[in-house]
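Take a look at the protein below. This report starts at one residue and works outward.

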Amino acid sequence: MKFKYGSALVTALVISFATVLPGLAETGIIQGSSSSRVNVRQSPSTTAPVQHYGLGGDRVTILNQTNAPDGYRWYFVEFPSSGARGWIRGDLLRVNGTYPGNSTQRISFAPGTSAATVGGKVQGTQYRDYLLNAGAGQTLTTSTVSNSPYIQVQVFDPNGSTLYTGSRNWSGVLRRTGDYRVRVRLVPEKQQSGVSGEYSLTVSVR
């Protein structure tokens with residue numbers, strides 16, 4: 001199924017690749033049993049506040065890494081299912097290498113425009129992330145057209161909190177200024193079934 005976009009929208013759309021490029025995102029699996037908790041911290045230090053925790057066997061996407069003064073390598077990770085982020089100490093994470101198919105793109109709008117349309121395809125556990133910068137008090141709107149009933153959209157605010165998860169169009173007034181992430185994926189219950197879906201996603205900020 002092919003999607004056609006209006007020439008004005010295509011002209012208005014400016015996309016640049018962010019740090020995580022297609023096929024280059026490293027992944028890792030948290031060490032331990034499924035009942036063991038691993039702290040996910042605000043910064044790469046064992047004295048940093050614990051933001052949340054992961055469980056043994058959880059798969060994460062590695063966004064950054066550093067050698068900390070404590071002698072450990074620390075990884076800044078994102079949990080694909082929730083979008084939560086934080087730092088995990090290296091000895092608690094098994095790095096798997098690349099996770100093909102995922103991508104992150106930055107969306108910006110040409111002068112005088114406030115909407116853009118992108119399209120793509122996801123299959124299995126793949127996802128497509130779109131970053132856009134917006135300010136507090138603005139309204140972010142997403143609308144999706146797809147050839148699959150299993151396409152799902154998630155919207156995350158700059159601190160990683162989930163603003164929306166669902167398959168319908170969404171609109172919300174933003175509470176803070178920063179980079180918002182819009183993720184397109186299959187619904188979790190279909191990610192292991194081998195199905196795929198094409199989509200057209202329109203985002204606007206006003």
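## Around T142

T142 touches V153, V155, N169, W170, V182, L201, T202 and V203, leaving out residues up to four places away in sequence. This is a predicted model. T142 sits in strand 12, which covers residues 139-146. Is T142 buried or exposed? Its relative accessible area is 1%. The cut-off for buried is under 20%, so T142 counts as buried.

## The whole protein

Now step back. The protein has one helix and 17 strands. It is 206 residues long, and 43% of them count as buried. About 10,300 Å² of the protein is exposed. Carbon and sulfur atoms supply 49% of that area.

How do contacts span the sequence? Take the contacts between residues at least 6 apart in sequence. Of these, 70% join residues at least 24 apart.

## Two nonpolar cores

In soluble globular proteins, nonpolar side chains tend to be buried together. Here, the largest nonpolar core has 22 residues. Which members touch the most other members? They are L140 and L201. Several strands each supply at least two residues of this core: strand 10 (115-123), strand 11 (127-134), strand 13 (151-156), strand 16 (178-186) and strand 17 (196-205). Another core lies apart from it, with 11 residues. Among them are I30, V60, F79 and L93.

L140 deserves a second look. Set aside its neighbours within four places in sequence. L140 is then in contact with L132, V155, W170, S171, G172, L174, Y180, S204 and V205. W170 and V155 are also on the contact list of T142.

## S204, a contact of L140

S204 is found in strand 17. Its relative accessible area is 6%, so S204 is buried. Its side chain makes a polar contact with the side chain of R206, at 2.9 Å. Beyond residues up to four places away in sequence, S204 touches S114, A115, T139, L140 and T141.

## Rings in pairs

The structure holds two aromatic pairs. Here they are, with their geometry.

| Pair | Type | Centre to centre | Angle between planes |
|---|---|---|---|
| F76 and W87 | tilted | 5.3 Å | 45° |
| Y164 and W170 | stacked | 5.9 Å | 25° |

Why does the F76 and W87 pair tie together separate parts of the sequence? F76 lies in strand 6 (residues 73-78) and W87 lies in strand 7 (residues 85-89), so the pair joins parts that are 11 residues apart in sequence. W87 is buried, with a relative accessible area of 12%.

What about the rings of the stacked pair, buried or exposed? Y164 has a relative accessibility of 14% and counts as buried. W170 also has 14% and counts as buried. W170 appears in the contacts of L140 too.

## Charges over rings

Two arginines sit over tyrosine rings. R89 lies over the face of Y72, at 4.4 Å from the ring centre. The charged end of R183 sits over the ring of Y127, 4.1 Å from its centre.

## Back to the start

Return to T142 in the structure. From there, find L201 and W170, two of its contacts. L201 leads into the largest nonpolar core. W170 leads to its stacked partner, Y164.

Note on methods. Residues numbered from 1 in each chain as written. Predicted model: local features only at pLDDT ≥ 70, side-chain atom pairs only at ≥ 80, totals over all residues. Heavy atoms only, no water. Core = buried A, V, L, I, M, F, W, Y, C linked by side-chain atoms within 4.5 Å. Buried < 20%, exposed > 50% of the residue type's maximum accessible area, 1.4 Å probe, protein only. Helix = DSSP H or I, 4+ residues; strand = E, 2+ residues; numbered from the N terminus. Contact = heavy atoms within 4.5 Å. Polar contact = N/O pair within 3.5 Å; in protein donor to acceptor, adjacent residues only side chain to side chain. Areas by Shrake-Rupley, 256 points an atom, 1.4 Å probe, with all protein chains shown as cover. Phe/Tyr/Trp six-rings, centres within 6.5 Å; stacked < 30°, edge-to-face > 60°. Lys NZ or Arg CZ within 6 Å of the ring centre and 35° of its normal.
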